[in-house]
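Work through the exercises below with the sequence and the 3D view at hand. Try each task before reading its solution.

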Amino acid sequence: GTEAEAEAEVEAEVRLVGFERGKEAWAMSLAERLASQLKKKEQGNALFRRGEFERALRRYEASNSRAPEAADLAKAIEAASCGGDEEAASAANERKAAAEQVRLACLVNMAACQLRLGEHGAAAKSCSAALDIAPGSAKALFRRGQARLALAELSGAKEDLLAAAKADPKSREVRAALTQLKAAQGRAREEERGAFGGIFT
């Protein structure tokens, strides 16, 4: 390093040799949609690990938009069952379960991104959608509890965090959130006393 080297300009020419647009989700087979859904989720996970929460959130959303439609999965199961092909029916059922698991993971991961981005209302909605799929999901309950705590919805936060603690009693994160909740409840009681203190004396 000399100063002249540090200020040297570099020019590069890039030439696009070819471009192939990926298939739209509607044009994909069920197997292709499931593979695409999983790929987008994995891309989201990699971005999340790097701390790129906005980009990870978009990948998780894209993953869920690629998920095979429940109606299409039901048709595949029905067609295989009616045709007497137990192996195909079993494979279709496995695809349906796999698609739901990826969708659930993406919703919970979306909530993690949204919490880090300060989008607490959106995080609570993502968790509620996850809980529609798996009502006892400890991660979804925990993250919705965190979101509700941040939104000062203390009774809802308490309900979610206690359910998360019941589902995953060894979780340090849940215990820490319950401690935060207790402190927030104490502050809320103090504020209430301050607001109504002079009225009844």
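**Exercise 1. The largest pocket**

Task: Find which helices each supply at least two residues of the lining of the largest pocket, and sort the lining by class.

Solution.
Step 1. In this predicted model, helix 2, helix 5 (86-116) and helix 7 (138-150) each supply at least two lining residues.
Step 2. Helix 5 gives the largest share, four residues.
Step 3. The full lining consists of Asn 45, Phe 48, Arg 49, Tyr 60, Asn 109, Ala 112, Leu 115, Arg 116, Phe 142, Arg 143, Gln 146 and Glu 173.
Step 4. Sorted by class, five of these are nonpolar, three polar and four charged.
Step 5. The space in this pocket comes to about 260 Å³.

**Exercise 2. The length of helix 2**

Task: Work out what span helix 2 (residues 30-49) should have, and compare this with the distance between its end C-alpha atoms.

Solution.
Step 1. Helix 2 has 20 residues, and the rise is 1.5 Å a residue.
Step 2. The expected span is 1.5 Å times one less than the number of residues, so helix 2 should span 28 Å.
Step 3. The end C-alpha atoms are 29 Å apart, which agrees.
Step 4. Just after helix 2, Gly 51 has a positive phi of about 85°.

**Exercise 3. Arg 33 and Arg 59**

Task: Decide for Arg 33 whether the residue is buried or exposed. Then do likewise for Arg 59, choosing between buried, partly exposed and exposed.

Solution.
Step 1. Buried means under 20% relative accessible area, and exposed means over 50%.
Step 2. Arg 33, in helix 2, has a relative accessible area of 8% and is therefore buried.
Step 3. Other buried residues of helix 2 include Leu 34, Gln 37, Gly 44 and Leu 47.
Step 4. The side chain of Arg 33 reaches the backbone oxygen of Arg 66 at 3.3 Å.
Step 5. Arg 59 belongs to helix 3 (residues 53-66). Its relative accessibility is 26%, so Arg 59 counts as partly exposed.
Step 6. Leaving aside residues up to four places away in sequence, Arg 59 touches Lys 40, Gln 43, Gly 44 and Leu 47.
Step 7. Gln 43 is 16 residues from Arg 59 along the chain, yet their C-alpha atoms are separated by 6.6 Å.

**Exercise 4. The whole chain**

Task: State how many helices and strands the protein has, and what share of its residues is buried.

Solution.
Step 1. The protein has nine helices and zero strands.
Step 2. Of its 201 residues, 32% count as buried.
Step 3. Among contacts between residues at least 6 apart in sequence, 56% join residues at least 24 apart.

Technical notes: Residues numbered from 1 in each chain as written. Predicted model: local features only at pLDDT ≥ 70, side-chain atom pairs only at ≥ 80, totals over all residues. Heavy atoms only, no water. Buried < 20%, exposed > 50% of the residue type's maximum accessible area, 1.4 Å probe, protein only. Contact = heavy atoms within 4.5 Å. 1 Å grid on protein atoms, 1.4 Å probe; cavity = no way out; pocket = protein on both sides within 12 Å on 5 of 7 lines; lining within 4 Å. Points joined across faces, edges and corners; volume = space filled by probe spheres on them. Nonpolar A, V, L, I, M, F, W, Y, C, P; charged D, E, K, R; others polar. Polar contact = N/O pair within 3.5 Å; in protein donor to acceptor, adjacent residues only side chain to side chain.
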